[in-house]
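Open the structure in your viewer and keep the selection tool at hand. The stops below are meant to be taken in order, each with something to select and something to look for.

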Amino acid sequence: MAKIQITVNGNEVEIEENSTIADFINERNVTGKMFAVEKNLEIINKDRYETEQIKSGDIIEIVGFFGGG
């Protein structure tokens, strides 16, 4: 399968073409319930992770939330 280039948290990354947000999260072992995914400045709702395709040139930001004081 072909590879595409995207930017993730400011770093260039190569992933499989036709990957979804869910594919990417699983491949990168992103765990926990407290994180948000932004694609091209749009926050993606978790119910769209399985269907939201990542395309060449997309900019993805994954932000985790941590509690404490």
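**A walk from strand 5 outward**

Begin by selecting Val-63, which counts as partly exposed because its relative accessibility is 40%. Bear in mind from this first stop onward that what you are looking at is a predicted model. Val-63 belongs to strand 5, the run of residues 59–64. Add Met-34 and Phe-65 to the selection, and you have the nonpolar surface patch that these two residues form with Val-63, with an accessible area of about 310 Å² taken together.

Next, select strand 5 as a whole and look for its partners. Strand 3 runs antiparallel to strand 5, and five bridges join the two; within this pairing you can pick out Val-37, which stands opposite Ile-62 in strand 5. Strand 1, residues 3–8, runs parallel to strand 5 and is joined to it by two bridges. Here the residue to select is Val-8, which has Ile-60 of strand 5 standing opposite. While the strands are on screen, it may help to recall that side chains in a regular strand alternate between the two faces of the sheet.

Stay with strand 1 and select Thr-7, which is found there. Is Thr-7 buried or exposed? Its relative accessible area is 16%, and therefore Thr-7 is buried, the cut-off for that word being under 20%. If you leave aside residues up to four places away in sequence, Thr-7 touches Glu-12, Asp-58, Ile-59 and Ile-60.

Now move to the loops, where two asparagines deserve a careful look at the backbone. Asn-18 lies in the loop that links strand 2 (11–16) with helix 1 (21–27), and although this residue is not a glycine, its phi is positive, at about 70°. Select Asn-40 next, in the loop between strand 3 (35–39) and strand 4 (42–44); Asn-40, likewise not a glycine, has a positive phi of about 50°. Asn-40 is partly exposed, because its relative accessible area is 38%.

For the last stop, go to the loop between helix 1 and strand 3 and select Gly-32. With a relative accessible area of 53%, Gly-32 is exposed, since exposed here means over 50%. Then add Ala-2 and draw a distance between the two C-alpha atoms: how far apart in space are Gly-32 and Ala-2? They are separated by 30 Å, C-alpha to C-alpha, and by 30 residues in sequence.

Terms used. Residues are numbered from 1 along each chain as its sequence is written. This is a predicted model: local features need pLDDT of at least 70, side-chain atom pairs count only at pLDDT 80 or more; totals for chains, interfaces and linings use all residues. Side-chain values use heavy atoms; hydrogens and water are left out. Patches are made of residues with over 30% relative accessible area and no salt bridge: like charges are joined within 9 Å, nonpolar side chains (Val, Leu, Ile, Met, Phe, Trp, Tyr) within 5 Å. Accessible areas come from the Shrake-Rupley method with a 1.4 Å probe; for residues, only the protein chains shown count as cover. A salt bridge is a side-chain nitrogen of Lys or Arg within 4 Å of a carboxyl oxygen of Asp or Glu. Helices (H or I, at least four residues) and strands (E, at least two) are DSSP runs, numbered from the N terminus. Buried means under 20% relative accessible area, exposed over 50%, partly exposed in between (1.4 Å probe, protein chains only). Two strands pair if DSSP finds at least two bridges between them. Contact means heavy atoms within 4.5 Å.
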